[in-house]
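Work through the exercises below with the sequence and the structure side by side. Try each task before reading its solution.

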Amino acid sequence: MIPITWQALTVSLFSLILCKPASAQIDSDPLVTIDSGRLAGTHFGPSAKDVMFLGIPYAAPPIDNRRWKPPEPVQAWKGVFRAYTFAPACPQPPDAVRENAEEIHDFSETLPYYKNFRTDEDCLYLNVWTTNLEAKYKAPVMVWIHGGGGISGTSWIPPFGPRLARKGVVLVSVEFRIGALGQLAHPALTAESPRHASGNYGTLDQIEALHWVQRNIASFGGDPGIVTIFGQSDGGQKVCVLMASPLARGLFQRAVLESGTCTDIVSPELKRSIRYEGNFDGGTAEDAGLQLARDLKIADGPNALTELRHKSAAEIIRASRGLDLYANSTVDGWVLPQQPAFTFAAGRQARVPVMVGSTDDEMATLYQPQTDPSTLVSYKEALKLPRYVARADELFRQYPAGSDSEVTAAFMALGTDDMGHGAYFLARDTARAGQSTYLYYFTYPGTGTMAGHGAVHSAEIKFITGIFRKKWGVPSDEALKLSEIMGDYWTRFAATGDPNDRGLPKWPSYDAKSDLCLQIGRSVGAVPVPRADRYRVFEEALEPRLVELQK
């Protein structure tokens with residue numbers, strides 16, 4: 001081992017921007033032509049090669065009668081579209097908006113164009129960073145799918161663009177519908193759909209963005225035949241869903257999943273009542289949509305859908321907060337023909353190289369004292385939920401607590417290993433299908449406000465971006481060195497499907513016989529998968545649920 005560191009008003013403003021004549025400033029800016037018109041970009045750094053195009057529309061605004069429909073083509077424009085600033089992020093809860101704005105403020109000191117965070121239902125935009133606008137070579141493309149628990153997040157962050165573009169990739173980040181606006185299933189929506197499906201609008205947005213990449217990325221110096229999708233947390237789960245969806249097949253050639261997969265959960269089904277993550281009492285995805293309408297005082301009937309579309313985005317978000325159903329994609333027979341766990345078990349997922357992993361202290365920042373177990377009684381009740389009940393006794397023995405004071409630590413250890421097991425078993429599924437698979441375990445300990453913890457959920461992201469927030473403190477030379485190594489691993493994988501390169505610690509491809517992963521922390525090197533002996537119980541708890549679904 002090698003030791004080592006953003007409604008009608010919006011549309012009007014959009015039109016004003018497009019109709020302005022090209023100025024002398026535009027004449028001096030980097031220009032590209034894509035299928036919907038010409039774009040003027042700007043620079044993210046001192047070099048003339050450091051070019052970015054922000055807030056590019058890839059689909060029509062999903063507003064009014066386009067709410068809860070698959071994305072429609074963007075209208076072509078005349079003149080030059082000024083892609084200088086981020087477009088709005090998709091609507092999300094006020095607390096998420098505040099958290100994102102705080103994080104973006106931190107980044108603004110290093111990246112001045114990170115400012116004026118805002119949200120709007122007109123949000124189907126993407127951003128591109130490149131240092132290869134002259135297309136001197138065919139650059140690999142990386143498409144970032146943000147996380148946020150299915151109800152928050154934005155393409156603005158993390159700031160991957162500058163770092164990864166300078167390492168030779170064309171970086172794309174995508175806004176897509178989230179929460180109830182991106183995931184609502186409802187009988188009336190199913191009935192109006194030519195595909196007899198509803199829900200999964202956010203996934204369809206992501207797929208539309210990938211089609212945009214196929215048509216246009218060469219104009220930015222990118223190779224449409226070398227596309228990597230990558231995401232963390234719920235973004236990793238979305239990458240997993242894209243791997244399982246036949247509609248995304250052929251739109252990407254590599255996949256990176258960080259602390260999030262879809263094969264270790266049960267997703268809601270459109271019309272079949274099942275117990276799934278978010279609704280342990282059982283129900284259909286359409287039931288959830290009906291409940292949302294009732295919570296909005298909308299009666300079932302022929303006018304329900306019209307009334308739903310007349311509600312503001314803020315009203316929809318407020319009414320959906322208590323449902324907690326929208327982090328999952330829906331098995332609808334179209335976007336997702338079946339549970340992703342079944343797709344991967346049968347080897348029917350996208351057969352592309354995979355990088356997947358987790359961190360060693362995931363729950364340190366995810367534990368919620370108000371809702372997560374804090375007493376022995378609540379801990380034992382939590383183990384009776386469908387996710388764990390088949391192995392509740394064994395899980396309690398493996399993560400014991402003798403008193404209320406020991407519950408938090410036990411539950412956090414259980415949650416961290418639960419997330420680790422998802423990465424581990426997805427690696428086994430993809431390796432078994434013959435896919436080149438690279439499993440990692442990130443262990444670099446926290447500093448600043450996270451001092452005293454291990455590698456918390458999303459800790460690895462700051463190392464890939466090379467930008468450390470104030471909460472971290474000033475990064476050490478060790479952390480900066482590790483950051484370079486990780487940026488090299490991720491971009492090398494994007495280029496070749498193999499993260500290994502001269503000068504980097506060897507990362508063996510995963511196979512079940514050797515059972516090795518790459519530990520990434522204060523030291524970097526291949527090790528037996530840590531805590532693998534604890535992961536099997538989670539798989540054994542999931543198996544009866546999958547068997548029940550197959551009957």
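**Exercise 1.** Find the handedness of the link between C240 and C262, and state where the two cysteines sit.

Step 1. A disulfide is a pair of cysteine sulfur atoms within 2.5 Å. The sulfur atoms of C240 and C262 are 2.0 Å apart, so by this cut-off the two form a disulfide.

Step 2. The angle about the S-S bond is -70 degrees, and the link is left-handed.

Step 3. C240 belongs to helix α8 (residues 234–244), while C262 is in the loop between β11 (254–258) and β12 (274–276). The two are 22 residues apart, and the pair links distant parts of the chain. Helices (H or I, at least four residues) and strands (E, at least two) are DSSP runs, numbered from the N terminus.

Step 4. Buried means under 20% relative accessible area, exposed over 50%, and partly exposed in between (1.4 Å probe, protein chains only). C240 has 0% relative accessibility and therefore counts as buried. C262, at 1%, counts as buried too.

A note on the source: this is a predicted model, in which local features need pLDDT of at least 70 and side-chain atom pairs count only at pLDDT 80 or more, while totals for chains, interfaces and linings use all residues. Residues are numbered from 1 along each chain as its sequence is written, and side-chain values use heavy atoms, with hydrogens and water left out.

**Exercise 2.** How many disulfides does the structure hold, and how are the bonded cysteines paired?

Step 1. There are two disulfides. Besides the link of C240 and C262, C90 and C123 form one, with sulfur atoms 2.1 Å apart.

Step 2. The link of C90 and C123 has 90 degrees about the S-S bond and is right-handed. C90 is in the loop between β6 (80–82) and α3, and C123 is in the loop between α3 and β7 (125–130), 33 residues apart.

Step 3. Counted in sequence order, the bonded cysteines pair 1-2, 3-4. C517 is in no disulfide; the nearest cysteine sulfur, that of C240, is 19 Å away.

**Exercise 3.** Compare the span of helix α3 with its expected value.

Step 1. The expected span of a helix is 1.5 Å times one less than its number of residues. Helix α3 (residues 94–108) has 15 residues, so it should span 21 Å.

Step 2. The end C-alpha atoms of α3 are 21 Å apart, which agrees.

Step 3. Among the buried residues of α3 are A96, N100, I104 and D106. D106 also takes part in a network of salt bridges with E102, E103, R469 and K471.

**Exercise 4.** Which parts of the chain does the salt bridge of D35 and R215 tie together?

Step 1. A salt bridge is a side-chain nitrogen of Lys or Arg within 4 Å of a carboxyl oxygen of Asp or Glu. By this rule the count is 32.

Step 2. Between D35 and R215 the N to O distance is 2.5 Å. D35 lies in the loop between β2 (31–34) and β3 (37–40) and R215 in helix α7 (residues 201–216), so the bridge ties together parts 180 residues apart in sequence.

Step 3. D35 is partly exposed at 43% relative accessibility, and R215 is partly exposed at 45%.

Step 4. Another salt bridge joins E121 and R67, with the closest N and O atoms 2.7 Å apart. Both E121 and R67 are buried.
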